[in-house]
Amino acid sequence: MTVVVLIAIYREVKGWAGVLLCSTSGPMAHSVRRDAPELPDFSLLKRLARDQLIYLLEQLPGRKDLFIEADLMSPLDRIANVTTLKQHDVDKLYKVEYKPIVSTSDQLCFLIRPRIKTVKWICDVVNADKAFGRFRKYKIIFSPQKFYACENLLEEQGIFGDVTTDEWSFYLLPLDDDIISLELPEFFRDNFLEGDQRWVRTAGSALHLLHSVYGPFSKLYGIGRCSKMAYESWREQVEEGEQRARQAEIGNVFLIDRDVDLVTPLCSQVVYEGLVDDIFRIKCGCVEFGPDVTSSDKSIKVMLNSQDKVFNEIRNEHFSQVFGFLSQKARNLQTAYDKRSGMDIKQMKTFVSEELKGLKQEHRLLSLHIGASESMMKRKTKQDFQELLKTEHSLLEGFEIRECISYIEEHINRQVSMVESMRLLCLLSLTENGLLPKDYRSLKAQFLQSYGIDHLLTFSNLKQLGLLVEQQPGETLTVMESRVGKLVNDKTAGKLTDAFSSLAKKSNFRALGRRLNLVPKSDEEYDLRVPRDMAYIFSGAYIPLSCKLIEQVLERDGWTGLEEVTRMLNGHEFAVTAGSNGSDARVKTDSQRIILVMFLGGCTFSEISALRFLGREKGLKFIVVTTAITNSARLLESMLDNHA
């Protein structure tokens, strides 16, 4: 695709962008403080994980076949590629598929998550070999740790003595300079829905690893029951280990539970990276662009990180601002290519050896991101994205709720998308502190008729988590209604209650919104070219609660003055001074301006963009550690009744 074609596509797409997102286009501007500290080098975490894996593989000397669980394949590829594995006597690689194996090797190694289903399959493999009189050596490597239940199953199945087990302490995978993932998407459902706290120790161990390599931490803040348990697990591990004096690279830590803020991940993402994740699904820092993006007959896998210079400049920008940048980039690229004309041989040689390769790489990336933008725009135009955003913004602001309910009903009855309809229902419930009983029953009936009665259990899951609930009798009465109700009979009071329904919904979200100023005044025009606060990630309609809490706690150096907020969020907040070592005052100051934020239950790319903006404004650097990258679809799919 030539640069001229890229510019032509840009001009066509830009027209759609203006209509779709109702925003002025133009050069992007961010205020950047030049005194921001340097981020630590997290490549060491990869080296530690790779070296430990190699050591574990060498514990089974000789040629062996390696069976890898499906959701470990992408993280493993970021740590040790096939060549590395082959160099350490791995003969063939197989994906765990829960069926009889075809391997002829005398040594089998299984790299798995600590799941009962997978361990049961390994037991079946070993017992099948025994039945055929075949003798092999078996090694199970659990990642990131093994659980008692898994070893107990091996014993119950009578193969505990036939296999050796080990742990690969692969807690943290750096996805980018400032993003680290535990790659545990099941954490959210296991912990917050099913009450299974087995991963809390894993989160504590991940924090301990960071503390050991980049600490010691001087201050820890947190909110949420899971965060408090993870902090306590970390503290126990610190007390058990030996303390060594060293200069800290990370000073402050903030832990936050996902269920403290469930509204933010349910909002449509409109920053570039978030939109790419919503539409193409970024997996382990990598995205697969199909033929509609690549303008060819094949798909291409692309790593999305700061090494991609084009992506790095647009990843945090509101989508409506991206096209102006891509257009300018295409023009600059054309100018760079045009320099060739009039060069003598020596200049041409220098150009080819020093610049041409970089220009071709930039051209390829620019082509992909323009193709991705074009594809996203076409899909969003089909879905009437503008109307969807308008409904979301009305829900967040608490305006025109009846019209929003009508829009959701139409969405359900047209069977647009099951997950999208569920997302809007949950957003309505969370922002309104539950649905009125008649609305709840009506919307639930329509949903089940449109998408199937088998979603009854999904509704139970959503209710248990507080994502979609029915208001209880009495919750909808305002003070005025309560007083009037004493003077009239029940029938009249019932009519009054219904009439006052729009005034009656007092929710924690509304109260939190007022207390923390989460929803900027809608009568002010928001210039997305020059964002004034973190609300730009949602077109100026909403500042993510999670990020606002972080900002407030850092400003106040604790939770003092936020007692009312923590009460509405069910408490479990803490602020601890852990002490600090190191004599160099400048180094100490730098480490204090590096904040590690750990999301337990997942975090969205929009929240990461908001924290990067906050860091630029305050002269801080944020490192995001998350159990997994999430978005509305992933979060809600984990609630489905057929979730594996």
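**Entry 1: a charged patch**

I looked first for charged patches on the surface of this predicted model. I found a negative surface patch made up of E232, E236, E239 and E240. I then asked where E236 lies, and I located E236 in helix α9, which spans residues 225–240. I next checked how far E236 is covered. Its relative accessibility is 41%, so I recorded E236 as partly exposed.

**Entry 2: aromatic pairs**

I turned to the aromatic rings and noted a count of 23 aromatic pairs. I examined the pair W168 and F170, whose ring centres are 4.5 Å apart. Their planes meet at 25°, and I entered the pair as stacked because planes under 30 degrees apart are counted that way. I also looked up the cover of each partner. W168 has a relative accessible area of 0% and is buried. F170, at 6%, is buried as well.

**Entry 3: a pair within helix α9**

I then inspected Y231 and W234, which form a tilted aromatic pair. I noted 5.8 Å from centre to centre and 35° between the planes. Why are Y231 and W234 separated by about one helical turn? I attribute this to their places in helix α9, because the two stand three residues apart there. I recorded both Y231 and W234 as buried. Helix α9 thus appears twice in my notes: it holds E236 of the negative patch, and it also holds Y231 and W234.

**Entry 4: a ring cluster**

Lastly, I asked which residues ring pairs link into a cluster. I listed F67, Y94, Y98, F110 and W121 as its members.

Key:
Residues numbered from 1 in each chain as written. Predicted model: local features only at pLDDT ≥ 70, side-chain atom pairs only at ≥ 80, totals over all residues. Heavy atoms only, no water. Patch = residues over 30% accessible without salt bridge, like charges linked within 9 Å, V, L, I, M, F, W, Y side chains within 5 Å. Areas by Shrake-Rupley, 256 points an atom, 1.4 Å probe, with all protein chains shown as cover. Salt bridge = Lys/Arg side-chain N within 4 Å of Asp/Glu carboxyl O. Lys, Arg positive; Asp, Glu negative; His and termini not counted. Charge placed at Lys NZ, Arg CZ, Asp CG, Glu CD. Helix = DSSP H or I, 4+ residues; strand = E, 2+ residues; numbered from the N terminus. Buried < 20%, exposed > 50% of the residue type's maximum accessible area, 1.4 Å probe, protein only. Phe/Tyr/Trp six-rings, centres within 6.5 Å; stacked < 30°, edge-to-face > 60°.
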